[in-house]
Amino acid sequence: MKYTCTIEHLPGSRPLEAPPRPPRHAVGHRAGYDTGFGMDAAPDNADDSDYGQRPVPASGLPLPVRDRIVLDAAPGEVPWHIALKFLGYLLYREWEPRVEEGVGWHYKPDLVSLDAAGNIRLWLDCGNIAARKTDRVAAKLGEDTPFRILRRTEKDARQLAVTLAGKVRHPQRVRLIAFDAGFVDAIAAGLDSTNRIKALRGADRLDLTFETRQDRLELRSRLHVLELKG
C-alpha cells in the first residue's frame, strides 16, 4: 500500500538539527555542522543576522511551505515503522532525506540525505536495530555525519540505549530520538492512502493535525533525545 502525505509546515517551525553549511563534500570532512538540537535553527521567515546561519537544504534551493512524500509499505512492514519513517522525513526535511534508498553498503538506511556529490550527510534508522549494524554504520560514517535512530517511545529508546551500551565503538556519533507514548501508534492507526498534515516543529516538541478521508486527529508530542554511553 502507498501512503501519500501532503505536509503544510506552519510558521515558526524549526528543524531538529540544521544541515551543515556549506554542504560537506565527503564523509568525514569537517564542515559547519551544529550538533545542537534546534538551538541555532531559524524559522523560515527569520533574518540571518538575528538567528545566525539559516538551514541550507541539500539542493541549495529554498524549501516550499508544502511538500509531499509517498511511503510505499514493504510486504509485512508494520504500520508503526511506516509512521516512524514519516516522522524522520518530517523532522529532517531540511536535509531532504530520501526514503529506503540504498547507498551501496551492506546495510541500508531507512532514510538518507546525500550532498550534491552523492556523499552521505545524514543516516536515519527507524525502530529495531542490531548492535552490530549500529556499530558498523557509526564507524563507517565518520565523525561529522549524524547517525540517528527513531524509536516509538522514550521507554523504547532507553531500552535500546541500554542494549547498545559498550557495544558501539563510536557512541558519540549516535543519538536516539523518541516520542511520547501513544503518539507514533496514533499516527500508524490513522494513516490512510491520502493524508493532509499540518506540522509545527519546535526544538523539543512536535504538533500535528492529520486529516484523512475519514478522520481528523490532533496530536502532540515532546521530542526525547538520548545519547549513547560508551
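1. A term to start with: a nonpolar core is a set of buried Ala, Val, Leu, Ile, Met, Phe, Trp, Tyr and Cys residues joined through side-chain atoms within 4.5 Å. Keep that in mind, as the cores come up in point 4. Also keep in mind that what you are looking at is a predicted model.

2. Here is the overall layout. The protein has five helices and ten strands. Of its 230 residues, 52% are buried. If you take the contacts with a separation of 6 or more, 66% of them are between residues 24 or more positions apart.

3. Now the sheet. The ten strands make an open sheet with mixed pairing, and the order is S2-S1-S8-S9-S10-S7-S6-S5-S4-S3. At the edges sit strand S2 (66–72) and strand S3 (98–99), each paired on one side only. S3 runs antiparallel to strand S4 (residues 111–114), and two bridges join them. Look for Arg98, whose bridge partner in S4 is Val112. For the parallel sense, go to S6 and S7, which pair over four bridges. There, Arg148 has Arg175 in S7 as its bridge partner. In general, the strands of a sheet pair through backbone hydrogen bonds, and the pairing is either parallel or antiparallel.

4. Back to the cores. The largest nonpolar core has 37 residues, and those with the most contacts inside it are Phe86, Leu87, Phe179, Phe183, Ile187, Leu206 and Leu208. Helix H2 (residues 79–91) gives the largest share of this core, nine residues. Another core lies apart from it, with 21 residues, among them Tyr107, Val168, Leu176 and Leu228.

5. Ile187 is a good residue to click on. Setting aside its neighbours within four places in sequence, Ile187 is in contact with Ala83, Phe86, Leu87, Leu208, Phe210 and Leu219. Its number falls within helix H5 (residues 183–190). That helix lies across strand S7 (174–179), strand S8 (194–201), strand S9 (205–211) and strand S10 (216–227), and runs at about 140 degrees to S10.

6. How many aromatic pairs does the structure hold? The count is five. In one of them, the ring centres of Phe86 and Phe210 are 5.6 Å apart and the planes are at 70 degrees, so the pair is edge-to-face. Because Phe86 is in helix H2 and Phe210 in strand S9, this pair ties together parts that are 124 residues apart in sequence. Phe86 is buried at 0% relative accessibility, and Phe210 is buried at 2%.

7. Tyr92 and Trp95 also pair up. Their ring centres are 6.3 Å apart with planes at 65 degrees, so this pair is edge-to-face. Tyr92 is buried, with a relative accessible area of 0%, and Trp95 counts as buried at 0%. Elsewhere, ring pairs link Trp105, Trp123 and Phe147 into a cluster.

8. Strand S7 deserves a look too. Is it mostly covered or mostly open? Mostly covered: six of its six residues are buried. Val174, Leu176 and Ala178 point one way from the strand, while Arg175, Ile177 and Phe179 point the other way, and all are buried.

9. On to helix H3 (residues 131–141). Its buried residues are Lys133, Thr134, Asp135, Val137, Ala138 and Leu141. They pack against strand S5 (120–126), strand S6 (147–150), helix H4 (154–164) and S7. Right after H3 comes Gly142, with a positive phi near 100 degrees.

10. Near the start of the numbering, find Tyr3 in strand S1 (residues 2–9). Tyr3 is buried, with a relative accessible area of 11%, as the cut-off for buried is under 20%. What does Tyr3 touch, leaving aside its neighbours within four places in sequence? The contacts are Ile69, Val70, Leu71, Ala73, Ile82, Leu191, Asp192, Ser193 and Asn195. Tyr3 and Ala73 are 70 residues apart in sequence, yet their C-alpha atoms are 7.8 Å apart in space.

11. Last, the cysteines. A search of the whole structure turns up zero disulfides. Such a bond is a covalent one between the sulfur atoms of two cysteines. Cys5 is buried, with a relative accessible area of 0%, and Cys126 is buried at 3%.

Note on methods. Residues numbered from 1 in each chain as written. Predicted model: local features only at pLDDT ≥ 70, side-chain atom pairs only at ≥ 80, totals over all residues. Heavy atoms only, no water. Pairing = 2+ DSSP bridges. Contact = heavy atoms within 4.5 Å. Axes fitted to C-alpha atoms, helices over the stretch in contact; angles between N-to-C directions. Disulfide = S-S within 2.5 Å. Buried < 20%, exposed > 50% of the residue type's maximum accessible area, 1.4 Å probe, protein only. Phe/Tyr/Trp six-rings, centres within 6.5 Å; stacked < 30°, edge-to-face > 60°.
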